[in-house]
Amino acid sequence: MPSSTEPPFRLEGRRVLVAGHRGMVGTAIVSRLESENCTILTVPHAEVDLRNQTQVEDWLAANKPEAVFLAAGTVGGIHANDTRPAEFIYDNIMMVANVVSSVWRQCQAKLLYLGSSCIYPRLAPQPMTEEALFSGGLEPTNQWYALAKISGIKLCQAYRRQYGCDFISAMPTNLYGPHDNYDLKASHVVPALIAKTHAARESGAKSVEVWGTGKPKRELLYVEDLADALVFLMKSYSQEDHINVGTGVDVTIAELASLVARVIGFEGGFDFVTEKPDGAPRKLLDVSRLSALGWTAHTDLEEGLRRAYAWYCDNVTGGGDASD
Ligand code: GFB
């Protein structure tokens, strides 16, 4: 069982690599690390493809980080997972296998690996504890990604057991926030609803299309809260068990659509497109382990959506007014 009595791991003065620094999570980690007095390292994309073992090995040998946040990955929402299974399984397995084995060989850094709540069975009892892993079958729309993420957890555990590496894993729930992906073919539900609802308000449309029945429930964590939790875990946690990171609260997709409409000021209705998949009926994380260690999320969903929408207006629509 995790304990809060681990000697703290110092970030101050250390060389800290954020792999995946251009993504939503990596960007938030880099920004959170700015107050830690460490040297932040990022891997130039043009130079290193994390799926290429030689490039990863050479870069780590030359740069020798002392801590690694592994936030890189091929990620996306339900449609991308369902239609690009080869990329989701291959890219994610290769990245974690290369980084884990090369960190062990080249620099022996402490490593924090990021998984996803889709590792748990589709029908796991809710809220899902860390022990629910392997207790049932996976959600078909994202089984490829889930298998890659489970492999990552197991790689970290195997290197810890066999070689004594200080590798830990965090399993975040569904995320949203600044620097999210707004491409509707690849996006998760929050950016999709923000983009579609904003467009509907601008064009005067009467309704917004919402995929599925609106009945599935999702737990949504603001990405800056996640980054704070990851820095907390890097400093204070060193055990083989993976740790859930979430809010402990979820909403239906229909409720989420209404909340996004309120934030954006859209007064029309919703068309539920039931030909599109619902995915998992519910995936609420049990966050009692993380709470017992001393961390809880603090950004309320409506406040987080307001900040995400403000970022969208400033960066994607070419500068609109988020407070209309
Ligand atoms: O966020 P999302 O794509 O991912 O979808 P998952 C969540 C729910 O929102 C599903 C519904 O029930 C979707 O059908 N939804 C409604 C929409 N309208 C939309 C829309 O316009 N776009 C999208 N994308 N969804 C992903 C996994 O599952 O979650 C990944 O596929 C990963 O592997 C990620 O685990 C966190 O929660 O269903």
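A polar side-chain atom of Asn142 lies 3.4 Å from an oxygen atom of the ligand. The model is predicted. The protein covers 97% of the 700 Å² of accessible area that the ligand has on its own. Elsewhere, helix H1 is largely enclosed by the rest of the structure, and the largest nonpolar core holds 36 residues.

**Polar contacts of the ligand**

- The side chain of Lys196 places an N or O atom 2.7 Å from an oxygen atom of the ligand.
- Pro277 takes part through its backbone: one of its N or O atoms is 2.7 Å from a ligand oxygen atom.

**The shell around the ligand**

- There are 22 residues around the ligand.
- Ile78, Lys196, Arg218, Pro277 and Asp278 come nearest.
- By class, this shell has 10 nonpolar residues, 8 polar ones and 4 charged ones.
- Helix H3 (78–83), helix H6 (189–203) and strand E7 (207–211) each supply at least two shell residues.
- H6 gives the most, with 3 residues.

**Helix H1**

- H1 spans residues 24–33, and 8 of its 10 residues are buried, so the rest of the structure largely encloses it.
- The buried residues are Met24, Val25, Gly26, Thr27, Ala28, Ile29, Val30 and Leu33.
- Their cover includes five strands and a helix, as listed here: E1 (15–19), E2 (39–42), E3 (67–70), E4 (110–114), E6 (174–176) and helix H7 (223–236).

**Nonpolar cores**

- In the largest nonpolar core, Leu50, Val99, Val103, Leu111, Tyr120 and Phe167 touch the most other members.
- Helices H2 (53–63), H4 (85–106) and H5 (143–163) each supply at least two residues of this core, and so do strands E1, E3, E4 and E5 (167–172).
- H4 provides the largest share of this core, 5 residues.
- Leu111 touches Val68, Val99, Val100, Val103, Cys156, Asp166, Phe167 and Ile168, leaving out residues up to four places away in sequence.
- Another core lies apart from the largest one; it has 34 residues, among them Phe9, Leu114, Val245 and Trp295.

**Elements with two roles**

- Strand E1 helps cover the buried residues of H1, and E1 also supplies at least two residues of the largest core.
- Strands E3 and E4 are likewise part of the cover over H1, and each gives at least two residues to that core.
- Lys196 is among the residues that come nearest to the ligand, and its side chain has an N or O atom 2.7 Å from a ligand oxygen atom.

Definitions and conventions:
Residues are numbered from 1 along each chain as its sequence is written. This is a predicted model: local features need pLDDT of at least 70, side-chain atom pairs count only at pLDDT 80 or more; totals for chains, interfaces and linings use all residues. Side-chain values use heavy atoms; hydrogens and water are left out. A residue is near a molecule or strand if one of its heavy atoms lies within 4 Å of it. A polar contact is a pair of N or O atoms within 3.5 Å; within protein, one must be able to donate a hydrogen and the other to accept it, and residues adjacent in sequence count only if both atoms are side-chain atoms. Accessible areas come from the Shrake-Rupley method with a 1.4 Å probe; for residues, only the protein chains shown count as cover. Helices (H or I, at least four residues) and strands (E, at least two) are DSSP runs, numbered from the N terminus. Ala, Val, Leu, Ile, Met, Phe, Trp, Tyr, Cys and Pro count as nonpolar, Asp, Glu, Lys and Arg as charged, and the others, Gly among them, as polar. Buried means under 20% relative accessible area, exposed over 50%, partly exposed in between (1.4 Å probe, protein chains only). Contact means heavy atoms within 4.5 Å. A nonpolar core is a set of buried Ala, Val, Leu, Ile, Met, Phe, Trp, Tyr and Cys residues joined through side-chain atoms within 4.5 Å.
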